[in-house]
There are 2 protein chains.
Amino acid sequence: MMVSTKGRYALTVMVDLARNAADAYVSLSDIAEREDLSMKYLESIISTLNKGGMLLSLRGKNGGYKLAREPKDYNINEILLLTEGTLAPVGCIMQDGVHCDKAATCSTLPLWAGLDGVIENYLSNITLQDIIEGNRKKMLGDYCDNCESN
Amino acid sequence: MMVSTKGRYALTVMVDLARNAADAYVSLSDIAEREDLSMKYLESIISTLNKGGMLLSLRGKNGGYKLAREPKDYNINEILLLTEGTLAPVGCIMQDGVHCDKAATCSTLPLWAGLDGVIENYLSNITLQDIIEGNRKKMLGDYCDNCESN
DNA sequence: AATTAATCCTACCTAAATGGTAGGATTTAG
DNA sequence: CTAAATCCTACCATTTAGGTAGGATTAATT
């Protein structure tokens, strides 16, 4: 599994905040209850999102979190990358340039690099806005059963 | 990581066999030595490939393995699927129809389904032959640095 | 018939990652 | 002052990854 619950729940939190945006700060307990997820676990996840500059937070009573930007200005790749650390499909594709010592002669490396590119391309072109709008055509593409043909 | 060493080594073995095809059976110790991988570990991996109908095997002295079909008739998706069990990017996408009980209302599910489709589409369209030919254009697509522009 | 070289099979093992939980310190609105 | 919230550190159980070990079986060669 490329994306663990950490990344999945992080996206769920972002979508929840995008939906319940208004202008107010939303408490984590509200999010946890709405999404039926462990608040304690979400705490560590939302901390990563917050430190990564994805959110604004307010401590103390009536505090909580809200999005730092508009939903259309978040792409899914950056959200998952922040929480997962890497989205590389294999261990021999590194984001920081470190790679296997056989890389120069490896015949399968272009395959993994190509796969990595396809994944990043897909996720980078979908925004938080697309998700809350339920833009199935963009997300499911040609494989969408009930998307209009134009 | 979506693809573990199991799947990666399985592909390495298939590529090695495709290269050293001839007509003869190739012993696992030869493959392990050429690819610089543990023979004992490869044993369990090649067993999966063999039982899955990807290979032909011959026991006893001078025995070994060879491809059951021509390299152009293997796509990478089927090789990885067999050895990894699943290539789903998240736990909530299952190959056998089992899914999360929130699926009906989940707003992120189309994203995961779309990602899954993109991965499967990419891997299904690349063959073992493409790899041994070093078809960088097909593997790296638009992201290829030194592919010809036509 | 014996030897050798190969696949086949079952069991085991260590380290790291996953998916959390627990408890308390700090901050701020009312 | 109190309640409700974020923030922070530590811990922990289970599963997965990445192998290793040892031997049984099969078949070609001498």
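Reader: Which residues come nearest to DNA strand C?

Author: In this predicted model, 24 residues lie around DNA strand C, and they can be sorted by class into five nonpolar, 11 polar and eight charged residues. Of the 24 residues, those that come nearest to the strand are S38(A), K40(A), L28(B), E43(B) and S57(B).

Reader: Of the atoms of DNA strand C within 4 Å of the protein, what percentage belongs to sugar or phosphate?

Author: The atoms of DNA strand C within 4 Å of the protein divide into those of sugar or phosphate and those of bases. Contacts to phosphate include one from the side chain of N50(B), where an N or O atom is 3.3 Å from a phosphate oxygen of the strand. The share that belongs to sugar or phosphate is 68%.

Reader: How many Å separate a backbone N or O atom of L28(B) from a phosphate oxygen of DNA strand C, and which elements give two or more residues to the surface near the strand?

Author: For L28(B), a backbone N or O atom lies 2.7 Å from a phosphate oxygen of DNA strand C, while a polar side-chain atom of Y65(B) lies 2.8 Å from a phosphate oxygen of that strand. The elements that give two or more residues to the surface near DNA strand C come from both chains: α1 (5-19) and α3 (39-51) of chain A, together with α3 (39-51), β1 (55-58) and β2 (64-67) of chain B.

Reader: What rotation superposes chain A on chain B, and how are the two copies related?

Author: Chain A is superposed on chain B with an RMSD of 0.0 Å by a rotation of 180°, with 0.0 Å of shift along its axis. The two copies are therefore related as by a two-fold rotation axis.

Reader: Which residue of chain A comes closest to the rotation axis, and through what surface do the copies meet?

Author: By C-alpha position, the residue of chain A that comes closest to the rotation axis is M2(A), at 2.2 Å. Because 100% of the interface residues of chain A are also interface residues in chain B, the copies meet through the same surface.

Reader: Why is C92(B) not bonded to C106(B), and is C100(B) buried or partly exposed?

Author: A search of the whole structure finds zero disulfides over all chains. The closest cysteine sulfur to that of C92(B), in C106(B), is 6.3 Å away, which is too far for a bond, and C92(B) counts as buried at 16% relative accessibility. C100(B) is likewise in no disulfide, with the nearest cysteine sulfur, that of C106(B), 6.5 Å away. At 34% relative accessibility, C100(B) counts as partly exposed.

Technical notes: Residues numbered from 1 in each chain as written. Chains lettered and ligands numbered in written order. Predicted model: local features only at pLDDT ≥ 70, side-chain atom pairs only at ≥ 80, totals over all residues. Heavy atoms only, no water. Near = heavy atom within 4 Å. Polar contact = N/O pair within 3.5 Å; in protein donor to acceptor, adjacent residues only side chain to side chain. Helix = DSSP H or I, 4+ residues; strand = E, 2+ residues; numbered from the N terminus. Nonpolar A, V, L, I, M, F, W, Y, C, P; charged D, E, K, R; others polar. Least-squares fit on C-alpha atoms with pLDDT ≥ 70 in both. Contact = heavy atoms within 4.5 Å. Disulfide = S-S within 2.5 Å. Buried < 20%, exposed > 50% of the residue type's maximum accessible area, 1.4 Å probe, protein only.
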